[in-house]
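Here is a walk through one structure, from its sheets to its helices and then to the place where the chains meet. Have the sequence and the model open as you read.

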2 protein chains.
Amino acid sequence: MGLVVVGSVALDTVETPFGKCTDALGGSATYCSVAASHFTSPTLVGVVGEDFSDEHVALLADHNIDLSGLERREGRTFRWSGRYGYDLNERETLSTCLNVFEDFDPVVPEQARGEGYLFLGNIHPEVQLAVLDQMVSPKFVACDTMNLWIETERELLLEVISRVDAVMVNDGEVRQLTGEPNLIMATSELRAMGAKMVVVKKGEHGCLCDAGGSRFFAPAYPLEFVFDPTGAGDSFAGGFMGYLARTDDLSEPAVRRAVVYGSVLASFCVEEFGLRRLAHIDEKAIERRYREFGELTAF
Amino acid sequence: MGLVVVGSVALDTVETPFGKCTDALGGSATYCSVAASHFTSPTLVGVVGEDFSDEHVALLADHNIDLSGLERREGRTFRWSGRYGYDLNERETLSTCLNVFEDFDPVVPEQARGEGYLFLGNIHPEVQLAVLDQMVSPKFVACDTMNLWIETERELLLEVISRVDAVMVNDGEVRQLTGEPNLIMATSELRAMGAKMVVVKKGEHGCLCDAGGSRFFAPAYPLEFVFDPTGAGDSFAGGFMGYLARTDDLSEPAVRRAVVYGSVLASFCVEEFGLRRLAHIDEKAIERRYREFGELTAF
């Protein structure tokens, strides 16, 4: 079945101890769609400005991403700028210029409203709800969020959480949402608050999936060199949702495999700036790394 | 084959946000031996003072720990006192009174010198070397260490590392030893420095074993409540070494299973103060948790 991805399309300027890149194609919907494109042909719903280059459009189109939901508006594309130190787990935002993204009012293209799979990237919970209302009867919906919405829009966010099938957040966010420092307790708590499945992204410490009946843990792929963590979480979401959409199988074993594919895609993402690696991998590389994940934890 | 455990026997006073315990039986050799006792009958080599109670001796003896190498000296037993905050990954040492442990000069009992398995707890590298020299031809030796020896006794420590079969350290220590922030790179580096196998204990983030040819990762057991992390690393070592000694199998699959048993024993350790949980588990509980580890990462 098809996958719809809703979120930001951005031009990122990122500094790490290993280099800098300026105005690179990024944003949650971009990373998620490109990662998912290795499994299915996702429909990207986002907004860009007049300055969004044909080259960027071509990169997305070349990945069989349906761009009928990518609105082009008067004004500039969303720009984000950040810096990482040697501890790549911590990042400093240098500037955020929402530009056309400020009034993002996503419209899912008519022909995509019946799709089975939907990823709601980190946008205002009210906008996430509006997108949900446009879909006919999606089979599996996952959402991301961020500290800002947890602080300022808690009620709306809890409504989103109770209406989706999986909440995909990082460890800090699940702790903040529940006020519970122990991560295992926090995921249980979040399920008690209405989440059906909680997928906690812990960066270099892997990923924990709590679906009520059972917990699944996948480590991060052991990389000797992490170049730029930007987009890792959304690439995870893309691998996860892309795999589920392609197989249209929501059994527990399939969800476990989806978590591993998510981890595989995230591991490629962080090996280079922006999309430089993620956009240039093939099925063979993905399958090789998937097998390596199996060898890493098998006993 | 038999296991010899050399290290501290201490009386610990520990404060956590959940309570406090005073003069509880602890120390690296204690935790390691009690954990290993669920697999084999280890020989504990350590030193205590006149104040070491019969009750503590009885607890160790009841676990089939051979105490012929436990020296009793004039003076007081080693005492350590520490405090954990809500972030149980960080601990503050309040006091360290080495007492009789200051001149610890371990003598491995004659009948144990031919044993196949040896764990060198965190003691001065010179003392670790002296113990190594007492053994006839051990089949598998693992050592622990700490930041103090990395700073002050680097050369001796590197000699220990090159003479043992496994270096069992935490993530901070492997980074400090190699000066390499990336953990995967750091373990490779440590192998380049002479370590045959590196087992990195990452606390709540699990354990990574790098044996050159392949890497193995085991997550930490997902505990909803961690009471007191003291002794977790040594309990890990006890489960790991105890399992290897019992099976006398050093194949890669056996080492992987040993890492999981180490993780199982560490998970019991942290569920209560001191030995309160670790000393009261049975084989059934251990096997159940071992199976749960399998279910946690299988895909």
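In what order do the 9 strands of the open sheet in chain A run? The order is 5-4-1-8-9-10-11-12-13, and the pairing is mixed. Strands pair here if DSSP finds at least two bridges between them. Strands (E, at least two residues) and helices (H or I, at least four residues) are DSSP runs, numbered from the N terminus.

Before going further, a word on the source: this is a predicted model, in which local features need pLDDT of at least 70 and side-chain atom pairs count only at pLDDT 80 or more, while totals for chains, interfaces and linings use all residues. Residues are numbered from 1 along each chain as its sequence is written, and chains are lettered from A and ligands numbered from 1 in the order in which they are written.

**Sheets of chain A**

Back to the 9 strands: strand 5 (66-72) and strand 13 of chain A are the edge strands, each pairing on one side only. Neighbouring strands are turned by 15° against each other on average, direction ignored. Angles run from 0 to 180 degrees between N-to-C directions, and axes are lines fitted to C-alpha atoms, for helices over the stretch in contact.

Chain A also has an open sheet of 4 strands, again with mixed pairing, in the order 3-2-6-7. Its edges are strand 3 (19-26) and strand 7 (91-97) of chain A, and the twist averages 15° from one strand to the next.

Here is a strand pair from each sheet, with one bridge position picked out.

| Strand pair (chain A) | Sense | Bridges | Bridge partners |
|---|---|---|---|
| strand 2 (10-16) and strand 6 (78-84) | parallel | 6 bridges | Val14(A) and Gly82(A) |
| strand 10 (166-170) and strand 11 (198-201) | parallel | 4 bridges | Val167(A) and Val198(A) |

Helix 1 (residues 28-36) of chain A lies across strand 1 (3-6), strand 4 (43-48) and strand 8 (117-120) of chain A, at about 160° to strand 1 of chain A.

**Helix 8 against helix 9**

In chain A, the axes of helix 8 (residues 232-247) and helix 9 come within 7 Å and cross at roughly 140°. That makes helix 8 of chain A oblique to helix 9 of chain A; angles under 35 degrees count as roughly parallel, over 145 as roughly antiparallel, 65 to 115 as roughly perpendicular and the rest as oblique. Helix 8 of chain A passes helix 9 of chain A in a right-handed crossing (the near helix is turned clockwise from the far one by less than a right angle; anticlockwise would be left-handed). Residues that meet here include Phe236(A), Phe240(A) and Tyr243(A) from helix 8 of chain A, and Val259(A), Tyr261(A) and Leu265(A) from helix 9 of chain A. Contact means C-beta atoms, placed from the backbone, within 7 Å.

By class, this contact has 14 nonpolar, 6 polar and 1 charged residues. Nonpolar covers Ala, Val, Leu, Ile, Met, Phe, Trp, Tyr, Cys and Pro, charged covers Asp, Glu, Lys and Arg, and the others, Gly among them, are polar.

**Where the chains meet**

The contact between the chains takes 26 residues from chain A and 26 residues from chain B. On the side of chain A, the elements giving two or more residues are helix 7 (183-192), strand 13 (215-218), helix 9 (252-269) and helix 10 (283-297). Helix 9 of chain A gives the most, with 4 residues. That side of chain A divides into 15 nonpolar, 6 polar and 5 charged residues.

A turn of 180° with a shift of 0.0 Å along the axis lays chain A on chain B with an RMSD of 0.0 Å. The two copies are thus related as by a two-fold rotation axis. Superposition is by least squares on the C-alpha atoms of residues with pLDDT of at least 70 in both. The copies meet through the same surface, because 100% of the interface residues of chain A are also interface residues in chain B.

Methods
Contact = placed C-beta atoms within 7 Å.
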